[in-house]
Each structure stands twice: as C-alpha cells, then as structure tokens.
Amino acid sequence: CGAVLDDVPVRYRLHARNIEWGWQEEFSMEYMGLPWVYGLCWAGFALGLLRLVLRTRLPPGSKYCDQRQSALAQDLPMNHHPYIQLLLLSFVMSLCSCQLHLAHQYVLIRNGYGS
C-alpha cells in the first residue's frame, strides 16, 4: 500500500488458547492436568496433617493414642519435640503452597492471564 511505518512502533498482543482441552484451554501443554495433581496433593497433605495432629496433640490414653505414645509422654510431650514441630510446619506450608497454586490456576482459567 506504500505506507512508511519507520517512526510508528508496531504493537500487538497474542492470546493463544488450546480449545481442544475444554476447561483447561488456557493452560500450556506442560500444565495440563496439574489442577488435579495439586488437588490430590492438597488432600494428601491435609490427611497427613490431620493424622499428625490427632497422634501428637491429644492427651495420652485417648482412643487415638497407643501405648508407645503414652510411654513417651512421660519424658517430653510429643507435640514439643523439634522433629514433630518441623513436620507440622512442613505439612502446613505444603498445604499453603498447593492452595496458592490452585488459586493461581483458577484465576488463569477465569481470565486467561493468571494472577
């Protein structure tokens, strides 16, 4: 057409979607199926955290405690042991990580740009 565009910057935006994947159309191929993986990991960490809390925070002699825990409770309460506290922190941080990944992917599904 003979137009000279030397002094005008060319700008464009490209938004590609994978329409064959249904609700995951905004994800690239390496992220396909990850919401399910993060959901399963979140459930696993939640169950592990619940089991840890039931085994260490309940008083000895409770129906969820066994005899080993009752014997150990005379030395140092199990919930004050550094390894138990580290394991508890690890479960909580892993739950938070999975939850934040799921929230990010939900926003990505909704608007296509993520958070």
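Me: What does pLDDT express, and how confident is the predictor in this chain?

Reply: pLDDT is the predictor's confidence in each residue, on a scale from 0 to 100. This is a predicted model, and the mean pLDDT of the chain is 78, with 77% of the residues at 70 or more.

Me: Which elements of the chain have the lowest and the highest mean pLDDT?

Reply: Helix α2 (residues 67–72) has the lowest mean, 53, and α1 has the highest, 89. Where pLDDT is low, the predicted coordinates should not be read in detail.

Me: How many helices and strands does the chain have, and in what pattern?

Reply: The secondary structure consists of three helices and zero strands. Along the sequence the pattern reads α-α-α.

Me: How do you know what span to expect of helix α1, and what span does the model show?

Reply: The expected span is 1.5 Å times one less than the number of residues. Helix α1 (residues 34–57) has 24 residues, for which 34 Å is expected, and from first C-alpha to last the helix reaches 33 Å, close to that value. Helix α3, with 30 residues, reaches 43 Å, close to the expected 44 Å.

Me: Why is Gln 105 called buried?

Reply: Buried means under 20% relative accessible area. Gln 105 has 6% relative accessibility and therefore counts as buried. This residue is found in helix α3. Leaving aside neighbours within four places in sequence, Gln 105 is in contact with Phe 27, Tyr 31, Leu 34, Pro 35 and Tyr 38. Of these partners, Leu 34, Pro 35 and Tyr 38 are among the buried residues of α1.

Me: Is Glu 26 buried or exposed, and what makes it so?

Reply: Glu 26 has 18% relative accessibility, which is under the 20% limit, so it counts as buried. Glu 26 is found in the segment before α1. Its C-alpha atom is separated by 6.9 Å from that of Leu 108, 82 residues apart along the chain. Leu 108 is itself one of the buried residues of α3.

Me: What makes Trp 42 partly exposed?

Reply: Partly exposed covers the range between the 20% limit for buried and the 50% limit for exposed. The relative accessible area of Trp 42 is 36%, so this residue is partly exposed. Trp 42 lies in helix α1 and touches Leu 95, Cys 98 and Gln 99, not counting residues up to four places away in sequence. The C-alpha atoms of Trp 42 and Cys 98 are separated by 5.7 Å, although the two residues are 56 apart along the chain.

Me: How is Ser 97 classified, and where is its place?

Reply: Ser 97 is in helix α3. Its relative accessibility is 34%, so Ser 97 counts as partly exposed. Its C-alpha atom is 9.2 Å from that of Tyr 38, 59 residues apart along the chain.

Me: How many disulfides does the structure hold, and why is Cys 96 in none?

Reply: The structure holds zero disulfides. A disulfide requires two cysteine sulfur atoms within 2.5 Å. The closest cysteine sulfur to that of Cys 96 belongs to Cys 98 and is 9.6 Å away, so the two are too far apart for a bond. Cys 98 is in no disulfide either, as its nearest cysteine sulfur, that of Cys 41, is 5.2 Å away.

Me: Which of Cys 96 and Cys 98 is buried, and which is partly exposed?

Reply: Cys 96 has a relative accessible area of 37% and is therefore partly exposed. Cys 98, at 5% relative accessibility, counts as buried.

Me: What makes up the largest nonpolar core?

Reply: A nonpolar core joins buried nonpolar residues through side-chain atoms within 4.5 Å. Leu 49, Leu 52, Ile 84, Leu 88, Phe 91 and Leu 95 form the largest such set, six residues in all. The elements giving two or more residues to this core are α1 and α3 (82–111), and α3 gives the most, with four. Leu 95 touches Trp 42, Phe 45, Ala 46 and Leu 49, not counting residues up to four places away in sequence.

Me: Against which element do the buried residues of α3 pack?

Reply: The buried residues of α3 pack against α1. Among these residues are Ser 94, Leu 95 and Cys 98.

Methods. Residues numbered from 1 in each chain as written. Predicted model: local features only at pLDDT ≥ 70, side-chain atom pairs only at ≥ 80, totals over all residues. Heavy atoms only, no water. Buried < 20%, exposed > 50% of the residue type's maximum accessible area, 1.4 Å probe, protein only. Contact = heavy atoms within 4.5 Å.
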